[in-house]
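Got a minute to look at a protein model and ask why its parts get the labels they do? Let's go through it in questions and answers.

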Amino acid sequence: MFLTPARAVRAALATCASLVLVAGLGACSSDDGSEPESGPESAPSSTEAAPGIPTKSTIGFVKGRLKPDRRKQLRIRVTKAIDQWLDAAYVAGDYPRNDFSDAFKPFSQGAAALAKRDKGLMSNADVGDRVDTVTAKARRLRIDVLADKGKAAGVTARVVLLLELDGEVRRTDRIAGRLFLGYSGSDWQVFGYDVKRGRVA
Amino acid sequence: MRRRAHNLVRAVVLGVVLAITGLVVPSSTIASTDAVLVEFKHTRGVDLNPDLVWILAVGSDARPGENMLRVRGDALQLVGMNTKTGAATSIGIPRDSYVSIPGHGSDRINAALYYGGPQLLGEAVGNLIGIEPDYVFVTRFPFFENMVDDIGGIDVRNPRSFYDPYLKPNGFDAGKHHLNGYNAMAFARIRKSLAGGDFDRSANQQIVLKGIQGTIARRAHERGFIESGVMTVLKHLHTSVPPAELFRIAQAVAQVDPKQITGCVVQGGFANVGGASVVTPYVDQARSYGNQARNDATIERC
C-alpha cells in the first residue's frame, strides 16, 4: 500500500508554522501528529478540580508500545480534555443556564462546529434553562490508544456520564459513546465523536 | 478462529450479565437505570481538514518481487468522503480507459502508475474526472485479502451471478454473500463472465468497498478495532503519512453512513489502438460525476 502525503505534509507544515507564530514556540516538537517525547509532566489531572464526583479514568486497549510513565501522562491529559467537555457541556455552571458557548473548547474547530449542530445531545443546551440542578452520578472514561514508536498517535476515549437533572425538567440521562482525539501540537483535542444520549429515568 | 470463538464467548457472557442485571437489580437503584434505556438519540461526526477527502484506491496486480508502484493498476476507484454529512461516493474508472497521461501522450490510464507512480496516476485521474485525489492508496491483492480477513470478512449483495474458471470456478450466485479475503479479491477481479466486462467489474469493486466500509462501521465500536486496524495497515503500508493522520482517516471511514453511499462507473466505447483493445471513456459523463460529487461526495444519478 502506498499513500501520497502532499496534503498531510502541507497541513503539518501549516500547523507547525502557525504554532511557531501563535505560541512563540521555537520549533515543533512533533511533526507526525503524535505526542512529543517530553510533554508537560505536571499537567494537572482535572479530576482533582472537577465539580461533583471525579471521573474514573483508565487506560484500556493499547496497540503499540507505550511505556507506563507515558501511559500515565496520557491518561491525565486525555482525562483533562474530556473533563473540560463534560463539565462545560453538562455538569458545571449555574443552572438554570442557557450559555453553552464554552462547551466544546477541547474540540477541534470542525468538530466543535459539528457538535454545536447536535448541541441538544452533546450538551445540556436544549434543557439548560429548565433545569435547576445537575448532578453527575457516574463519570467513567476508558482510553484506548494507538501508539507508534513509543508515542501515542491517536486515542479513542470511551465515555459514560450518568446525569441527574432536577427542576422543571426532571429526569436521569445517560450520555455514552466514543470521542476520537488527536494531538494538536499542544494538547489532546477531540476531532470526532460517536455519542448517544438516552433518558433512563 | 480462536479470536472468533473468544468474541462469541465474550458476547454470550456479556448477554448473560446484561440479562441478569436487567432482571435482578431493583429498578430504584442507579445500577438499574444505568442499564435500561427508554429513549435514545445518536450523533456522530469527524473533523477532517478538509471536510471532503478524496482517496484514489488502486489495486495492483504486481507479482511477488515486482515494484507495485511501477506496474499497471488493476482496479481504480476514486472515493470521496464528506465528513460533515457522512456521505461517501465512489467513481469507478475502467482500467483500460484510453486517456491523456501528462508527459506521456495517450495510453491506458493504468499505465500512468507504471510511468510515474501514484502521483502521475492521480493526475491522470484528476484530468478525467475533474477531481484530484488527496491520497493515493496502492495495495497488492494478497494484502487486500489479508486485510479483509483481519476485519472478519465483508457482506455484499451480488446483483448478478458470475464466475471465473480459475479464480472462482463455482462462481458467485446473485444475492447476499459473506466474503472472506480470497473471495473478496475474486469478487473484485473477475471480469470475463460479466456481460458488462470491465464496467461490471468496476461496479463489483464498488460493492466490495461498500462491504469493507460496512464491516468497519459495524465493528468500530469494538475496543481496539480501529487501533488494531491502523496498526495492521501501518505494517503493510509504504508511506510517510503519520499514524495520527491514518487514525483520523480510519475514524472518518467508520463514520460514513452506509445509507449515504453512492457510486457510478465511467462508461465508454471500445476501440483498437495499435492492436490493443482499449476503452474510450465518456469524458462528459466522467466530468458530470466529478461535478456532482465535488462539493458533497454524492452522486444523484449515474
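Below, each label is set against its definition.

Q: What kind of model is this, and how are its parts numbered?
A: It's a predicted model, where local features need pLDDT of at least 70 and side-chain atom pairs count only at pLDDT 80 or more, while totals for chains, interfaces and linings use all residues. Residues are numbered from 1 along each chain as its sequence is written, and chains are lettered from A and ligands numbered from 1 in the order in which they are written.

Q: What makes up the secondary structure of chain A?
A: Chain A has four helices and six strands. Helices (H or I, at least four residues) and strands (E, at least two) are DSSP runs, numbered from the N terminus. Read from the N terminus, the order in chain A is β-α-β-α-α-α-β-β-β-β. Chain B, for its part, has nine helices and 15 strands.

Q: Why is Leu181(A) called buried?
A: A residue is buried if 20 or more other C-beta atoms lie within 10 Å of its own, exposed if 12 or fewer, and partly exposed in between, with C-beta atoms placed from the backbone. Leu181(A) has 30 other C-beta atoms within 10 Å, so it's buried. You'll find Leu181(A) in strand S5 of chain A, residues 171-183.

Q: Why does Gly167(A) count as partly exposed?
A: Gly167(A) has 15 other C-beta atoms within 10 Å, so it falls in the in-between class, partly exposed. Gly167(A) sits in strand S4 of chain A, residues 151-167.

Q: Why does Gly290(B) count as buried?
A: Gly290(B) has 21 C-beta neighbours inside 10 Å, so it makes the buried class. Its home is helix H9 of chain B, residues 283-293.

Q: What share of each chain is buried?
A: For chain A it's 45% of the 201 residues. For chain B it's 46% of the 302 residues.

Q: Which residues is Gly167(A) in contact with, leaving aside neighbours within four places in sequence?
A: Two residues are in contact if their C-beta atoms, placed from the backbone, lie within 7 Å. By that rule Gly167(A) is in contact with Pro96(A), Arg130(A), Val131(A), Asp132(A) and Thr133(A). Take Asp132(A): it is 35 residues from Gly167(A) in sequence, yet their C-alpha atoms are 4.8 Å apart.

Q: What makes up the largest nonpolar core, and which residues have the most contacts inside it?
A: A nonpolar core is a set of buried Ala, Val, Leu, Ile, Met, Phe, Trp, Tyr and Cys residues joined through C-beta atoms within 7 Å. The largest one has 127 residues, and Leu181(A), Val190(A), Val58(B) and Val125(B) have the most contacts inside it. Outside its neighbours within four places in sequence, Leu181(A) has contacts that include Val78(A), Val155(A) and Val190(A). With the same kind of neighbours left aside, Val125(B) has contacts that include Leu56(B), Ile93(B) and Ile109(B).

Q: How do you know that strand S7 of chain B is mostly covered?
A: Six of the six residues in S7(B), residues 135-140, are buried. Tyr135(B), Phe137(B) and Thr139(B) point one way, while Val136(B), Val138(B) and Arg140(B) point the other. In a regular strand the side chains alternate between the two faces of the sheet.

Q: How do you know that S2(B) and S7(B) pair?
A: Two strands pair if DSSP finds at least two bridges between them. Six bridges join S2(B), residues 52-60, to S7(B), and the two run parallel. Gly59(B), for instance, stands opposite Thr139(B) in S7(B).

Q: What makes S7 and S13 of chain B edge strands?
A: The open sheet has five strands in the order S7-S2-S3-S4-S13 (chain B), with mixed pairing. S7 and S13 (261-265) each pair on one side only.

Q: Why are H4(B) and H5(B) called oblique?
A: Axes are lines fitted to C-alpha atoms, for helices over the stretch in contact, and angles run from 0 to 180 degrees between N-to-C directions. H4(B), residues 141-150, and H5(B), residues 181-189, pack at about 130 degrees, with axes 7 Å apart. Angles under 35 degrees count as roughly parallel, over 145 as roughly antiparallel, 65 to 115 as roughly perpendicular and the rest as oblique. H4(B) and H5(B) are therefore oblique to each other.
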